[in-house]
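Me: Please give me a close look at a single part of this structure, starting from a loop and then moving on to the helices around the chain contact. I am new to it, so explain each step plainly.

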Number of protein chains: 2
Amino acid sequence: MSNQQAVVAKETVVRPLWLGVDVGGTNIKIGLVDDQGQVVGKTSIPSQASSPPDGTLDRVVAAARELVAQAGFDWDDIPRVGLGTPGTMDIPRGMMLDPPNMPGWHFYPVRDRLAAVCGKPVSYANDANAAAFGEFWVGSGRKFPSIILLTLGTGVGGGIIVDHLSIDGENSCGSECGHIIIDHHDTARMCGCGQRGHLEAYASATALIRRCQEALDAGRSSSLGGRLEAGEKITPLLIAAEAETGDPLALELILDTAYYLGVGITSLMHTIDPGAVILGGAMNFGGHDTLLGRKFLDRIRAEVRLRAFPVLAEKTTIDFAQLGGDAGFIGAAGIARAAARSQGPAVNP
Amino acid sequence: MSNQQAVVAKETVVRPLWLGVDVGGTNIKIGLVDDQGQVVGKTSIPSQASSPPDGTLDRVVAAARELVAQAGFDWDDIPRVGLGTPGTMDIPRGMMLDPPNMPGWHFYPVRDRLAAVCGKPVSYANDANAAAFGEFWVGSGRKFPSIILLTLGTGVGGGIIVDHLSIDGENSCGSECGHIIIDHHDTARMCGCGQRGHLEAYASATALIRRCQEALDAGRSSSLGGRLEAGEKITPLLIAAEAETGDPLALELILDTAYYLGVGITSLMHTIDPGAVILGGAMNFGGHDTLLGRKFLDRIRAEVRLRAFPVLAEKTTIDFAQLGGDAGFIGAAGIARAAARSQGPAVNP
C-alpha cells in the first residue's frame, strides 16, 4: 500500500507541529505532522542497524531540521517529538533492549539520547503501538474510541488503543497480538518466538510461505510449481499473483490465512471489545483495490461472524488500514501530542 | 473462600462512604465500604430473578438504609452508589439486556431505577469487572497498576483493569476472558455460549465435570466411581476430595484445568501485559489453605512459565484473589468512588 497522503500546502497547516520518528531495522522514517495529523513533510535515512546508533541519531535530527526548514517552519514550532522502535524495549526507562534485527542498538537509551540531540522532550512507544495510534488518530480508526491494529508482515504485530490509552503493558509487552495462542496442542505450529500455537505461526507472511511449501511438498498440484521450477521464490506476492490467475491452492492458502486471523481477532474482540479491528502491514493482498484483497477481508469477516458474540459480530468494524508505511511516524507524532496535551502519564510516562 | 474482612470499628472508618450493590442470579449483595475500601457492613437479599425487579430494588435500598443506620452513619455520608450486574448489558445506557439466569430483569433500566429509589448517582459496571476492580483496589491486585481477574465457577468470568480503567468495551462485552479461543479446530470443545474452543469450555466447573464424566465413561479407574455408585453427583468439590485422598484421575483432571488456564492466561498476558493475573471464584480447590490448591496454582504458573515471553513469565504475579464473595460489592463501591473523584468517564460514563 503506498502512502495516500500528499504533503499539504503551508496555508492549511495547523500549528503546533509534531515530529514523528519511526525506527525500523532497515530505515528510520521521519515525519513532520501538524496538529490535525496532516503530513507536512517526510523523509527517511538508513538505520545502520548493526552499528552504534549515536551517529545515526545525529543524522535523524539533521534530516528533521532540514525537513522543517524546507517546509518553511521553525524548529521551535515543534514542542515535542514522538519516537517508536521495535521491541524488546523498556518504555518507562526509554531503552531499547534486544530487538532481534538491530544488534548495534541493544540496550541503548534511545529516548534520552534523541531528546539530548534534538533539544526537545521525547515520547517513546513500541512501533506497532505507534502505528495503531496513527490509525486511531487519523486513519481507519479515527471514528472509534478504541481500536486494535494487526500489522501483517514477516510477523504479526499488534497495537491496542483504548480511550486514547496505548496498552503498553507493565513490562512493555502489551498488545503483542501476534502471540496469542490459537491452538494449545503439542502439535501446534512453532512461532518465530520459539513457542507453539501463536497466531503469528499461522497468519504471518512467514507462515503463509511455510504452509505453501508444505502443500507443494505434499504433492498438491498448483501453478506455483511451474514458477518455482523457473527459479522464483515463494513470497506472498507470488502466491497472490497465482491466486489472481485462478490457481486454487494459492487462493486456499490465502483464505486459510484469513481464517486464522478470524480466530485470533475473535479472541481479541472478546478481550477488548474495540470499535474496530484494523489490518495493516504489507500483506494485505492489494487491500480494497483488488478482488483478492476484498476476498481476503470478506473471509476474515465471515470467520468473525461465525465465532464472535452476535452483538460484536454485528457492530465491530473490520477493515484495512489507511496510512500505509506512514502510520508509525504519524502515530509517534500523535503520541507526543497527546502527552503534551495531557501533561500526564496516559500515553507515555 | 470465606470473607477475610471483619466489619471495622467506627473510629477507623474513613469518610466518605460508598455503597456497593452486586446483583447475582440468586442473591443481591449490598455493602457499605469506606474511602479506603474497608467493609463497614454488609448484607444480602434474594434476587427473585424471575420476578419484575422494581420491588426488589426497593428492598435493596431499604436494606442499605438499615445497614447505614446500624453502622451509626447517615445516608448523606454516601455521595455515590456502585452497581454491578451480570451481562448481557448496555453499560452507557445503564440497562440489563438478557442475562441468562435473570429472566424477570430482561431489558431493565437498572442503573436509573436504582438511582431514583436511592436518590443518589449510580455508577454501573459488569459484575466481573466490578470484582476485578475490588481486587485491584484492596485485594490481591492492590500493588499493581493493572490486573486481570479470572473468576472460576460455573463459567469463567473475566475482568481487566488497566491504570484504573475498566475494559468495558464498546458494546459492554470487554474483558470476556472466558471466551478467548484456545483451540481453533472443528473438534474443539463446545462452550456454554454456543461456540467452540473457548477457555471456559475447558477450564470452568462445568467443563471439569464434563471431562470427569468422559474419563469415567471411557473406563478410567478412579475412586470417583465408587462415590457415584453411592449416589453422589460429580462436582468440583467431590473431585477435589478424591484428589486429596490420592486418586490419580481426580488430581489429573484438576491439573488439566490448570494447564488450560495457563494457556489462556498466556494469551491474556501477551495482550494486556498486566502486573498480576488473579484467580477468583469458588473453584480454587482450597486456595493457599490446601496442598491441592497450591498444586493447582503451581501448575498454572508452570504452564505460563513454559509459554509466556521470558520477561513476563518472570515478572507477572499469578495468585489467588483475596476478597472472596465481597469483591463484587467492594469493587462496585470503588468504581463509584473513582467516578466521583475523576468526575470523568474513565471508569463509568
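Reply:
**From the loops to the helices**

A:Gln48 counts as partly exposed because it has 16 C-beta neighbours inside 10 Å, where 20 or more would make a residue buried and 12 or fewer would make it exposed. The model is a predicted one. A:Gln48 sits in the loop between strand S3 (39-46) and helix H1 (54-70) of chain A. The backbone there has a positive phi, near 50°, in a residue other than glycine.

Chain B has a residue that can be described in similar terms. B:Asp163 is not a glycine, yet its phi is positive, at about 50°. The loop that holds B:Asp163 runs between strand S9 (156-162) and strand S10 (165-166) of chain B. B:Asp163 has 13 C-beta neighbours inside 10 Å, so it counts as partly exposed.

Two peptide bonds also deserve a look. In chain A, A:Arg15 and A:Pro16 are joined by a cis peptide bond with omega of about -5°. A:Pro16 belongs to the segment before strand S1 (18-23) of chain A. In chain B, the bond from B:Gly87 to B:Thr88 is cis, and its omega is near 10°. B:Thr88 is placed in the loop between strand S4 (81-85) and strand S5 (89-90) of chain B.

Next come the helices of chain B, beginning with H2 (residues 110-118). Its buried residues are B:Val110, B:Arg111, B:Leu114 and B:Cys118. Seen down the axis of H2(B), these residues fall within an arc of 100°, so they line one face of the helix. That face packs against strand S1 (18-23), helix H1 (54-70), S4, strand S6 (95-96) and strand S7 (122-126) of chain B. Just after H2(B) comes B:Gly119, with a positive phi of about 70°.

Helix H7 (residues 236-244) of chain B can be read in the same steps. B:Pro236, B:Ile239, B:Ala240, B:Glu242 and B:Ala243 are its buried residues. Down the axis of H7(B) they fall within an arc of 165°, so they too line one face of the helix. The cover over these residues includes H5, helix H6 (224-229), H8 and helix H9 (291-307) of chain B. Just after H7(B), B:Gly246 takes a positive phi of about 105°.

Two of the helices that cover H7(B), H5 and H8, can be followed further. The axes of H5 (residues 205-217) and H8 (residues 248-272) of chain B come within 10 Å and cross at roughly 140°. H5(B) is therefore oblique to H8(B), as an angle has to be over 145 degrees to count as roughly antiparallel. The crossing of H5(B) with H8(B) is right-handed. On the H5(B) side, the contact is made by B:Leu208, B:Arg211, B:Cys212 and B:Ala215. On the H8(B) side, B:Leu249, B:Leu253, B:Asp256 and B:Thr257 take part. Sorted by class, the contact has five nonpolar, one polar and two charged residues.

H8(B) also takes part in the contact between the chains. There, 36 residues of chain B are in contact with 36 residues of chain A. H8 and helix H10 (310-315) of chain B are the elements that give two or more residues to the side of chain B that touches chain A. H8(B) gives the largest share of that side, seven residues. By class, the side of chain B that touches chain A has 16 nonpolar, 13 polar and seven charged residues.

Chain A has a helix H8 as well, covering residues 248-272, and A:Leu251 lies in it. A:Leu251 is partly exposed, because 19 other C-beta atoms lie within 10 Å and a buried residue needs 20 or more. From A:Leu251 to A:Ala241 is ten residues in sequence and 9.6 Å in space, C-alpha to C-alpha.

A last residue lies in helix H9 of chain B, namely B:Ala302. With 15 C-beta neighbours inside 10 Å, B:Ala302 counts as partly exposed. B:Ala302 and B:Gly24 are 278 residues apart in sequence, and their C-alpha atoms are 33 Å apart in space.

Key:
Residues numbered from 1 in each chain as written. Chains lettered and ligands numbered in written order. Predicted model: local features only at pLDDT ≥ 70, side-chain atom pairs only at ≥ 80, totals over all residues. Axes fitted to C-alpha atoms, helices over the stretch in contact; angles between N-to-C directions. Helix = DSSP H or I, 4+ residues; strand = E, 2+ residues; numbered from the N terminus. Parallel < 35°, antiparallel > 145°, perpendicular 65-115°, else oblique. Left-handed = near helix turned anticlockwise from the far one by under 90°. Contact = placed C-beta atoms within 7 Å. Nonpolar A, V, L, I, M, F, W, Y, C, P; charged D, E, K, R; others polar. Arc of directions from axis to C-beta.
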